Amino acid sequence: MKVAVVGAGIVGAAVAHALLDDGHEVLILDREEPAFGPSRGNAGWIAHTDILPIASPKILRRVPKFLTDPLGPLAIRPAYLPRLLPWLTRFVLAARPAAYERSIRALAALQQRALPAWLARAERAGLRRHIHRRGGLYAFTDAATLAEAGRVAKRQAEFGIRVELIGPDELRQLEPALTGGFAGASFHPDAAHVGDPLDLTLALFSAALARGAVFEKAEVANISTAERPALIGPDGWQRVVDRAVIAAGAWSKPLAAALGDAVPLDTERGYNVSFRGFTGLTSRPVGFEGHGFVMTPLDTGLRIGGAVEFGGLKAAPNHARTRALYDKAATLVDGLPGFDSGRLWMGFRPSLPDSLPVIGTASRNPHVLYAFGHGHYGMTQSTATAELVADLIARREPAIDLAPFSPRRF
Ligand SMILES: Cc1cc2nc3c(=O)[nH]c(=O)nc-3n(C[C@H](O)[C@H](O)[C@H](O)COP(=O)(O)OP(=O)(O)OC[C@H]3O[C@@H](n4cnc5c(N)ncnc54)[C@H](O)[C@@H]3O)c2cc1C
């Protein structure tokens, strides 16, 4: 079949490969160059060991404190609050205990497929050197968070995820640059990270082209409900295909709405600073629990970032936020390069309130499929999602239950 993929981010590139595996003819469309969105500058974690959704009873307790700090780990731009209210309502509903448990099971099912799917794809596409398996750390600066980590580790163990709780001395042995007052850490020996998200996304995209996929730089304004969907551009051009996949990240909402699915997709804006060529300070990714940022030793240099800011897709970045998280990092880590030598970036996480992506068919056209909304885990889940989308197109039984990922779950 002729299949169009809207979006040349990491999800679109991964979907293209899974479709090529099945012998389809693949057309990738993007209004920008490939890897324009968050696939370009994210933290690069293959965070398949994270199985707890963001919306949780715990986060609801913490939100008021976070919001009192305008440059803290979580912020809402006041002007954006009215538009965010429906999303926030869903977020609160998703944090109720029963909904939270359902999301954990669904998230774990997808996450369990993530690393194997990446390793298989990387092997086949000749990209193995982009994936590093040195584990990952979540470091804690207070004993209460460390106790909470014990409870989280227990939940993870239920899903076969290995987590070791370590004390401050062991942490210092693993990562001597972490000199702040740490109470301990949880070590995830099976966690992985990528050499550089931009390099990997472009390499995966180029490998798809080398296998016969075609790229067209074009904006898709609408997709028809015809049996053979027509992708329609803003100036009226059309491409008629047998199937279409919407993998347009945080920009997917209007395309889905036109196909009958009012999906509560919003964006969690994230910030980081990268120090190109600065390597060797740490050996593996480190998350700083309760502080809302992570540090990744990419092959291309050190990246420090995180934070969640709700402010929509149009507002300009506020890099005072990046500065604030760098300043916090400088109190916890020895030997950071000066802030001014770093490159600043802001990206749009495509986020659903229940931390689950949308994977399924469009309500008004079963020949249009969705693969968007991967939030904090798009790099991680892209190849696993791609396999599921290919299964749906081939009418194979998907490897996991896709009901929790349905566009109609809200
Ligand atoms: C600060 C930060 C850190 C992160 N860290 C991690 C991490 O460590 N691990 C992890 O797994 N994830 C991480 N993420 C999340 C991850 O980056 C995203 O989930 C992922 O990149 C989304 O990929 P995507 O392909 O769905 O979307 P995108 O990368 O946004 O790609 C979508 C593409 O669609 C195109 N497009 C949009 N609309 C149209 C249209 N109408 N017509 C044509 N083209 C269109 C866009 O131009 C874009 O190129 C992080 C995100 C941020 C912001």
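Which residue in β9 is the bridge partner of isoleucine 131? I looked this up at the start and found valine 194. I note here that the model is predicted.

**Entry 1. The sheet of β3, β9 and β5**

I followed isoleucine 131 into its surroundings. β5 pairs with strand β9, residues 192-194, in the antiparallel sense, and two bridges join them. I then recorded the whole arrangement: three strands form an open sheet, ordered β3-β9-β5, with antiparallel pairing. β3 (45-46) and β5 (131-132) are at the edges with a single partner strand each, so one side of each has no neighbour in the sheet. For reference, strands of a sheet pair through backbone hydrogen bonds, in either a parallel or an antiparallel manner.

**Entry 2. Strand β6**

I asked how many of the five residues of strand β6 are buried. The count is five of the five for residues 136-140, so the strand is largely enclosed by the rest of the structure. I checked each face in turn. One side carries Gly136, Tyr138 and Phe140, the other carries Leu137 and Ala139, and all are buried.

I next listed the partners of β6. Five bridges connect β6 with strand β8 (residues 184-188), and the two run antiparallel. Within this pairing, leucine 137 has phenylalanine 187 of β8 as its bridge partner. β6 also pairs with strand β16 (residues 286-288), in the parallel sense and over three bridges. There, tyrosine 138 has glycine 287 of β16 as its bridge partner.

**Entry 3. Helix α3**

I examined helix α3, which covers residues 81-94 and has 14 residues. From its first C-alpha to its last it reaches 19 Å, close to the 20 Å expected at 1.5 Å a residue. I also looked for a bend, and α3 has one of about 35° at tryptophan 87.

**Entry 4. The shell around the ligand**

Which residues are the closest to the ligand? I found Gly9, Gly37, Gly249, Gly270 and Gly378, in a shell of 41 residues that surround the ligand. The elements that contribute two or more residues to this shell are α1 (10-21), β2 (25-30), β15 (266-276), β19 (343-351) and α10 (378-394). By character, I recorded 19 nonpolar, 17 polar and five charged residues in the shell.

**Entry 5. Serine 274**

I located serine 274 in strand β15. Is serine 274 buried or exposed? With 20 other C-beta atoms within 10 Å, serine 274 is buried, because 20 or more such atoms is the cut-off for that class. Leaving aside neighbours within four places in sequence, I found serine 274 in contact with Gly301, Arg303, Gly342, Arg343 and Trp345. I also looked up its separation from proline 366: the two lie 92 residues apart along the chain, and their C-alpha atoms are separated by 42 Å.

**Entry 6. Two residues with positive phi**

Most residues other than glycine have a negative phi. I therefore noted alanine 35, which is not a glycine but has a positive phi of about 60°, under the general rule just recorded. Alanine 35 lies in the loop between β2 and β3 and counts as buried, with 24 C-beta neighbours inside 10 Å.

I made a further note on serine 355, also not a glycine, with a positive phi of about 65°. Serine 355 lies in the loop between β19 and β20 (358-362). Serine 355 is buried, having 25 other C-beta atoms within 10 Å.

Technical notes
Residues numbered from 1 in each chain as written. Predicted model: local features only at pLDDT ≥ 70, side-chain atom pairs only at ≥ 80, totals over all residues. Helix = DSSP H or I, 4+ residues; strand = E, 2+ residues; numbered from the N terminus. Expected span 1.5 Å × (residues − 1). Bend = angle between axes of the 7 residues up to and from the residue. Pairing = 2+ DSSP bridges. Near = placed C-beta within 6 Å. Nonpolar A, V, L, I, M, F, W, Y, C, P; charged D, E, K, R; others polar. Buried ≥ 20, exposed ≤ 12 C-beta atoms within 10 Å, placed from the backbone. Contact = placed C-beta atoms within 7 Å.
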